[in-house]
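Biologist: I have a structure open and would like to learn how to read it with you. Could we go through it feature by feature?

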Amino acid sequence: MSTDVTIKIIDRDGTTHEVQAPTDMNMNIMELVRAYELAPEGTIGICGGMAMCASCQCYILNDVLKTERNDDEEAMLSEAFNVKPNSRLGCQIHITEDLEGLEIELAPEV
């Protein structure tokens, strides 16, 4: 049986969206943002989720996410703009039941 989790996403205009994210589709946060059209087409996930562009950079606003950045993510964020200590790449955060209640903010478009 599939389970959806609730994730709060603040878009680049400052609007908060509470969305339902399926845990059985192997989706990531970047794909979720695209599915709900929370960023203009062509401004997020430009590299297709390969951790090569940082267009899906987001800020983690609470401590729900327990995973750390992987090496590819660290390398990309070291070259990105508007990076903060709580920056992550949405394409590297896979949606699982553990993400219930996650709150993120999309980083500004560069």
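Biologist: Let's begin with the core. Which residues of the largest nonpolar core touch the most other members?

Modeller: As a general idea, nonpolar side chains in soluble globular proteins tend to be buried together. Bear in mind that this is a predicted model. Here the largest nonpolar core has 30 residues, and those touching the most other members are Ile-7, Ile-9, Ile-29, Leu-32, Val-33, Leu-89 and Leu-102.

Biologist: And which elements give two or more residues to this core?

Modeller: There are strands and helices on that list: S1 (4–10), S2 (16–22), S3 (57–60) and S5 (103–106) for the strands, with H1 (29–35) and H2 (71–77) for the helices. The most comes from H1, which gives four residues.

Biologist: If I click on Ile-29, what does it touch?

Modeller: Leaving aside residues up to four places away in sequence, Ile-29 touches Ile-7, Gly-90, Ile-93, Ile-95, Leu-102 and Ile-104.

Biologist: Now the strands. How do S1 and S2 run, and how many bridges join them?

Modeller: For strands, look at the direction of each partner and then at the bridges. S1 and S2 run antiparallel and are joined by seven bridges. One pair to find is Thr-6 with its bridge partner Gln-20 in S2. The two strands form a hairpin with five residues between them, and in the turn Gly-14 has a positive phi of about 90°.

Biologist: In which sense do S1 and S5 pair?

Modeller: That pairing is parallel, over three bridges. Try Ile-10: its bridge partner in S5 is Glu-105.

Biologist: Is Glu-105 buried, exposed or partly exposed, and what does it touch?

Modeller: To read burial, take the relative accessible area: under 20% is buried, over 50% is exposed. Glu-105 has 28%, so it counts as partly exposed. Beyond residues up to four places away in sequence, Glu-105 touches Ile-10, Cys-58, Tyr-59 and Leu-61. It also helps to compare sequence with space: Glu-105 and Gly-14 are 91 residues apart in sequence, yet 8.3 Å apart from C-alpha to C-alpha.

Biologist: Two threonines caught my eye. Where is Thr-23, and what does its side chain reach?

Modeller: With a polar residue in a loop, check burial and then look for partners of the side chain. Thr-23 is in the loop between S2 and H1. Its relative accessibility is 18%, so Thr-23 counts as buried. The side chain of Thr-23 reaches the backbone oxygen of Thr-3 at 2.6 Å. Among the residues Thr-23 touches are Asp-4, Val-5, Ile-95, Thr-96 and Glu-97.

Biologist: And Thr-43: where is it, and is it buried or exposed?

Modeller: Thr-43 is in the loop between H1 and S3. With a relative accessible area of 11%, Thr-43 is buried. Its side chain reaches the backbone oxygen of Pro-40 at 2.5 Å, and a polar contact of 3.4 Å joins it to the side chain of Arg-12. Setting aside residues up to four places away in sequence, Thr-43 touches Arg-12, Ser-55 and Glu-109.

Biologist: Last topic, the rings. How many aromatic pairs does the structure hold?

Modeller: The number is zero. A ring can also be read against a charge, though. Have a look at Tyr-59: the charged end of Lys-84 sits over its ring, 4.3 Å from the ring centre.

Terms used: Residues numbered from 1 in each chain as written. Predicted model: local features only at pLDDT ≥ 70, side-chain atom pairs only at ≥ 80, totals over all residues. Heavy atoms only, no water. Core = buried A, V, L, I, M, F, W, Y, C linked by side-chain atoms within 4.5 Å. Buried < 20%, exposed > 50% of the residue type's maximum accessible area, 1.4 Å probe, protein only. Contact = heavy atoms within 4.5 Å. Polar contact = N/O pair within 3.5 Å; in protein donor to acceptor, adjacent residues only side chain to side chain. Pairing = 2+ DSSP bridges. Phe/Tyr/Trp six-rings, centres within 6.5 Å; stacked < 30°, edge-to-face > 60°. Lys NZ or Arg CZ within 6 Å of the ring centre and 35° of its normal.
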